[in-house]
Amino acid sequence: MRNDGFLKILFIGDIVGSAGCKYVSRQLNNIRYENDIQLVIANGENSADGNGITPFSADFLFRSGVDVITTGNHCFRRREIFDYFNSDRPLIRPLNLGTAAPGVGFVKVDLGFCEIGVVNLMGRAFMTPIDNPFSEMENFLKSNNLNNIVVDFHAEASSEKKAMGFFLEEKVSAVIGTHTHVQTADETILKNHTAYITDVGMCGSKDSVLGIKPDIIIDSYTEYVFKRHEVLADNIQLDGVIITLDYNSGKSVDIKRIQHSL
Ligand SMILES: [Fe+2]
Ligand SMILES: [Fe+2]
């Protein structure tokens, strides 16, 4: 158990298909050990082959050492996951999908020496129209008095993500962007409190488009024909950030990007 007042959190970007899941399963223990990680959060919305998340891919990630799985616009792509979202497993979907949708948008993890909340939000620019993530988060903060909160903001537009970072500075410990699968180089600590990055990246093939074989995506742009997405399994890279959190104050003191490959 840690008792120096600091918690190191690894946040992994969207894990794509069985190739991404297997990489996490094989490498996560080493990454945990080398970086002294106590909590692992990962976006699993694309963890099933063919997209979405299934009970099988969620179980696989939990067994591999992921502590909390967040999702995004692909959370309900597979019907078989609905009951799993309603179980007590730490799998969450965007908070601003409302209360009628399966599952919840927030989970609290008790590490013994500290508690940490994880919230999943989804953006609206160039995405499915849903409830306002800014006002939903504001309401959430009024009724949840937690020192340590990490937000996965799953959104397309960098402007919406930057705005959310500034909106939540000093209110939460971290705002981590997901969804574009491309890691940005703008990691920072806002107001000496809130770790921020526009997009953390993905765990998928470096030679792919969003983890998918490029030819399939090129065809969709040139022929306007949708083809079944096939995950590219070669040359996998795990993109993430490691956040160092002063858990007594709720302030992040460091955010470091990683791009782990073999
Ligand atoms: Fe994704
Ligand atoms: Fe997404």
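# A predicted fold, strand by strand

Visitor: In this predicted model, how many residues of β7 are buried?
Guide: Start with the surroundings of β7. The strand is largely enclosed by the rest of the structure. That is so because the buried residues of β7 number six of the six.

Visitor: Which residues point each way from β7?
Guide: The two sides split the strand. Val-150, Asp-152 and His-154 point one way, and all are buried. Pointing the other way, also buried, are Ile-149, Val-151 and Phe-153.

Visitor: What is the strand order of the open sheet of six strands?
Guide: The pairing in this sheet is mixed. β5 and β9 (188-190) stand at the edges, so one side of each is left without a neighbour in the sheet. Neighbouring strands are turned by 25 degrees against each other on average, direction ignored. The order reads β5-β6-β7-β8-β10-β9.

Visitor: In which sense does β7 pair with β8, parallel or antiparallel?
Guide: Five bridges link β7 (residues 149-154) and β8. One of them can be placed by residue: Phe-153 has Gly-177 in β8 as its bridge partner. The sense of the pairing is parallel.

Visitor: Which residue of β7 is the bridge partner of Val-118?
Guide: Take the pairing of β6 and β7. They run over six bridges in the parallel sense. In β7, the partner of Val-118 is Val-150.

Visitor: How do β5 and β6 run, parallel or antiparallel?
Guide: Strand β5 covers residues 106-110, and strand β6 covers residues 115-122. Five bridges join them. Val-109 stands opposite Ile-116 in β6. The two strands run antiparallel.

Visitor: Which residue in the hairpin of β5 and β6 takes a positive phi?
Guide: Look at the link between the strands. Four residues lie there. The phi in question is near 90 degrees, and the residue is Gly-112.

Visitor: At what angle does α5 run to β8?
Guide: First, α4 (residues 133-143) lies across β5 and β6, at about 155 degrees to β6. α5 lies across β7, β8, β9 and β10 (194-197). Its angle to β8 is about 170 degrees.

Visitor: Which residues of α5 are buried?
Guide: The buried residues cover an arc of only 140 degrees around the axis, which puts them on the same side of α5. Elements covering them include α4, β7, β8, β9 and β10. The face turned away carries exposed Ser-159 and Phe-166. The buried ones are Glu-160, Lys-161, Met-164 and Gly-165.

Visitor: What arc do the buried residues of α2 cover?
Guide: In α2 (residues 55-63) the buried residues are Ser-57, Ala-58, Phe-60 and Leu-61. They are on the same side of α2, because their arc is only 160 degrees.

Visitor: What covers the buried residues of α2?
Guide: Both helices and strands take part. Among the strands are β2 (14-15), β3 (39-43) and β4 (68-70). The helices include α1 (17-35) and α3 (82-85).

Visitor: Which residue with a positive phi follows α2?
Guide: Move past the end of the helix. The phi there is near 115 degrees. The residue is Gly-65.

Visitor: How many residues does the largest nonpolar core have?
Guide: Val-24, Val-151 and Ile-176 have the most contacts inside this core. Beyond four places in sequence, Val-24 is in contact with residues including Ile-12, Leu-61, Cys-203 and Leu-238. The core has 67 residues.

Visitor: Is Ser-173 buried or exposed?
Guide: Ser-173 sits in the loop between α5 (158-167) and β8 (174-178). Its contacts beyond four places in sequence include Asn-148, Thr-194, Leu-245 and Ser-252. There are 26 other C-beta atoms within 10 Å, and 20 or more make a residue buried. So Ser-173 is buried.

Visitor: How far apart are the C-alpha atoms of Ser-173 and Leu-190?
Guide: Along the chain these residues are 17 residues apart. In space, their C-alpha atoms are separated by 9.6 Å.

Visitor: What is the radius of gyration of the protein?
Guide: The secondary structure comes to six helices and 13 strands. The globule rule gives 18 Å for 262 residues, and the model's value is close to that, so the protein is as compact as a globular protein of that length. The radius of gyration is 17 Å.

Visitor: What percentage of the contacts between residues at least 6 apart join residues at least 24 apart?
Guide: The C-alpha trace spans about 55 × 40 × 35 Å along its principal axes. Of the 262 residues, 46% are buried. For the contacts, the value is 65%.

Terms used
Residues are numbered from 1 along each chain as its sequence is written. Chains are lettered from A and ligands numbered from 1 in the order in which they are written. This is a predicted model: local features need pLDDT of at least 70, side-chain atom pairs count only at pLDDT 80 or more; totals for chains, interfaces and linings use all residues. A nonpolar core is a set of buried Ala, Val, Leu, Ile, Met, Phe, Trp, Tyr and Cys residues joined through C-beta atoms within 7 Å. A residue is buried if 20 or more other C-beta atoms lie within 10 Å of its own, exposed if 12 or fewer, and partly exposed in between; C-beta atoms are placed from the backbone. Two residues are in contact if their C-beta atoms, placed from the backbone, lie within 7 Å. Two strands pair if DSSP finds at least two bridges between them. The radius of gyration is taken over C-alpha atoms; the globule rule is 2.2 Å times the number of residues to the power 0.38. The arc is that of the directions from the helix axis to the C-beta atoms. Axes are lines fitted to C-alpha atoms, for helices over the stretch in contact, and angles run from 0 to 180 degrees between N-to-C directions.
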